[in-house]
Amino acid sequence: MSLFQLQGRLEIGSCSLRRMSSALDHAVIDKIEAKIDDELIGMRRDIHRHPELADEERRTSALVAERLRAAGLAVVTGVGGHGVVAVLDGAGEGPTVAYRADMDAVDDDELFDCTFASQVPGAAHLCGHDLHTAIGVDIALVLARLRKQLNGRVVFVFQSAEETCEGARAMIEENSRSAAVAASCRR
């Protein structure tokens with residue numbers, strides 16, 4: 001099962017990707033996934049190997065921003081600390097939906113003995129934030145390849161400092177900056 005399939009249908013309120021395009025074909029998505037699955041699994045394992053505690057997510061946010069920019073998304077970094085906001089506009093008018101992922105690790109030692117175990121003493125991805133981040137990047141990469149078939153906009157929010165409950169507050173406090181960026185991304 002791909003990361004995109006694992007995440008399932010993205011929904012915000014009553015709005016979903018299904019309303020954004022009737023042309024999204026699961027067979028096409030599966031073909032795209034087959035091309036990028038190894039890359040995304042590798043990214044998830046890399047993030048897991050190098051966990052960063054709340055408000056220290058420099059490496060993770062840089063990795064996320066690099067992948068999203070390479071896919072052609074409009075990307076803003078440093079939002080509320082190390083947060084990343086990316087915008088993908090489809091070819092036509094339509095709803096705006098959002099995907100939010102948390103990026104920080106917990107202040108604890110690795111519990112799992114695997115090839116991609118944390119290499120950082122006292123920090124580990126025990127809550128799945130590495131997976132949330134990889135899923136968000138995966139969805140963005142797939143949808144970027146399907147942008148001509150999409151109507152509307154998808155906003156990807158990668159939040160830092162979720163474990164301390166400070167990341168969302170910091171991003172909201174930077175709302176004026178984010179609003180200005182979003183306005184500059186409009187068609």
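The following questions and answers concern the sheet, a helix and the nonpolar cores of a predicted model.

User: In what order do the strands of the open sheet of 4 strands stand?
Analyst: Two pairings help to place the strands. Strands β3 (residues 74-79) and β4 (residues 83-89) pair in the antiparallel sense over 5 bridges, while β5 and β6 pair in the parallel sense over 8 bridges. The pairing in the open sheet is accordingly described as mixed, and the order is β3-β4-β6-β5.

User: Which are the edge strands of this sheet?
Analyst: From one strand to the next, the twist averages 15°. An edge strand pairs on one side only, and the strands that do so are β3 and β5.

User: Which residue takes a positive phi in the hairpin of β3 and β4?
Analyst: Within the paired strands, Ala74 has Val87 of β4 as its bridge partner. The hairpin has 3 residues between the strands, and a positive phi near 65° is found at Gly80.

User: Why does the distance between the end C-alpha atoms of α5 agree with its number of residues?
Analyst: The helix α5 has 17 residues, and at 1.5 Å a residue these should span 24 Å. The expected span is 1.5 Å times one less than the number of residues. The value agrees because the end C-alpha atoms of α5 are 25 Å apart.

User: At about what angle does α5 run to β5?
Analyst: The helix α5 is mostly covered, with 14 of its 17 residues buried. It lies across β4, β5 and β6, and its angle to β5 is about 160°.

User: Which element gives the largest share of the largest nonpolar core?
Analyst: This core holds 33 residues, of which Leu68, Leu73, Phe156 and Phe158 touch the most other members. Two or more residues come from each of α3 (26-49), α4 (58-70), β4, β5 (92-102), α5 (129-145) and β6 (151-159). The largest share, 9 residues, is given by α5.

User: Which residue stands opposite Phe158 in β6?
Analyst: Beyond its neighbours within four places in sequence, Phe158 is in contact with several residues, including Val64, Leu68, Gly83, Val84, Met103, Thr133, Gly136, Val137 and Met171. Another of these contacts is also the residue opposite Phe158: Ala101.

User: How many residues make up the other core, which has Val76 among its members?
Analyst: In soluble globular proteins, nonpolar side chains tend to be buried together. Apart from the largest core lies another, with Val76, Val85, Val155 and Met171 among its members. The number of residues in this other core is 6.

Note on methods: Residues are numbered from 1 along each chain as its sequence is written. This is a predicted model: local features need pLDDT of at least 70, side-chain atom pairs count only at pLDDT 80 or more; totals for chains, interfaces and linings use all residues. Side-chain values use heavy atoms; hydrogens and water are left out. Two strands pair if DSSP finds at least two bridges between them. A nonpolar core is a set of buried Ala, Val, Leu, Ile, Met, Phe, Trp, Tyr and Cys residues joined through side-chain atoms within 4.5 Å. Buried means under 20% relative accessible area, exposed over 50%, partly exposed in between (1.4 Å probe, protein chains only). Contact means heavy atoms within 4.5 Å. Axes are lines fitted to C-alpha atoms, for helices over the stretch in contact, and angles run from 0 to 180 degrees between N-to-C directions.
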